[in-house]
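Hi there,

Here is the structure I promised to pass on to you. Have a look at it first, and my notes come right after.

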Amino acid sequence: PALYNCPHRCKFCWRDFRYLPPKEVQDPDPVDLVIEESIAEHNKLLAGFKGNPKVSWEKYIESKEPLHFAVSLVGDACLYPHLPELLAGLRKRKMSSFVVTTGVIPEMLKKMLKSKKTIPTQLYITIAAPTKEVYAKTCAPLVENEYGWESFLESLRLMRKFPRSVARLTMTKGLNMLL
């Protein structure tokens with residue numbers, strides 16, 4: 001839901017930032033549209049299995065109603081201003097939710113903690129550096145004082161308030177591995 005919006009320019013990132021400049025989130029898509037279109041695109045991906053004789057028809061039909069929703073991959077999910085409402089919408093549909101973040105927007109984590117309806121099933125915070133210096137070199141935050149080390153540390157402190165959370169390590173030899 002926050003396509004191209006990432007406060008970092010991590011040295012290990014798979015995206016080519018020459019073609020993906022950061023964009024300000026203007027007029028973000030409404031929650032119901034994000035959920036409905038995500039499910040629609042999911043079902044488009046499954047369409048090729050429909051005619052495959054090796055695929056169980058029951059499993060195919062079952063797969064058209066996803067049970068899990070990952071909010072991740074391109075950009076930082078916590079930049080989507082309606083993230084708590086998205087999580088509440090998923091919970092209402094009895095879907096589990098997995099939020100992956102760089103951990104530099106603790107304000108959004110605080111918003112998610114305000115209600116049981118807006119807490120994801122599981123929160124993942126990517127840890128890409130063991131120290132402030134390695135963080136600056138590895139993650140290259142666009143605005144250090146806004147999306148920097150201190151914000152990241154605050155998110156790690158908030159992490160323990162979530163019922164299920166994971167510290168996800170991203171380690172690159174010669175970059176952020178100190179061994």
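Below is what I found, beginning with how to read the values.

This is a predicted model, in which local features need pLDDT of at least 70, side-chain atom pairs count only at pLDDT 80 or more, and totals for chains, interfaces and linings use all residues. Residues are numbered from 1 along each chain as its sequence is written, and side-chain values use heavy atoms, with hydrogens and water left out.

Let's start with the sheet. Four strands form an open, parallel sheet in the order S1-S2-S3-S4; strands are DSSP runs of E, at least two residues, numbered from the N terminus, while helices are runs of H or I, at least four. Two strands pair if DSSP finds at least two bridges between them. S1 and strand S4 (165-169) each have a single partner strand, so one side of each is left without a neighbour in the sheet. Further in, strand S2 (residues 96-101) and S3 are joined in the parallel sense by four bridges, and Thr101 has Ile125 in S3 as its bridge partner.

Now for one residue of S1 (residues 68-71), Phe69. Phe69 counts as buried because its relative accessibility is 9%; buried means under 20% relative accessible area, with a 1.4 Å probe and protein chains only. Beyond its neighbours within four places in sequence, Phe69 is in contact (heavy atoms within 4.5 Å) with residues including Val34, Ile35, Leu90 and Phe98. Leu86, with the same kind of neighbours left aside, is in contact with Val31, Val34, Ile35, Val71 and Tyr80.

Enjoy exploring!

Note on methods: Buried < 20%, exposed > 50% of the residue type's maximum accessible area, 1.4 Å probe, protein only.
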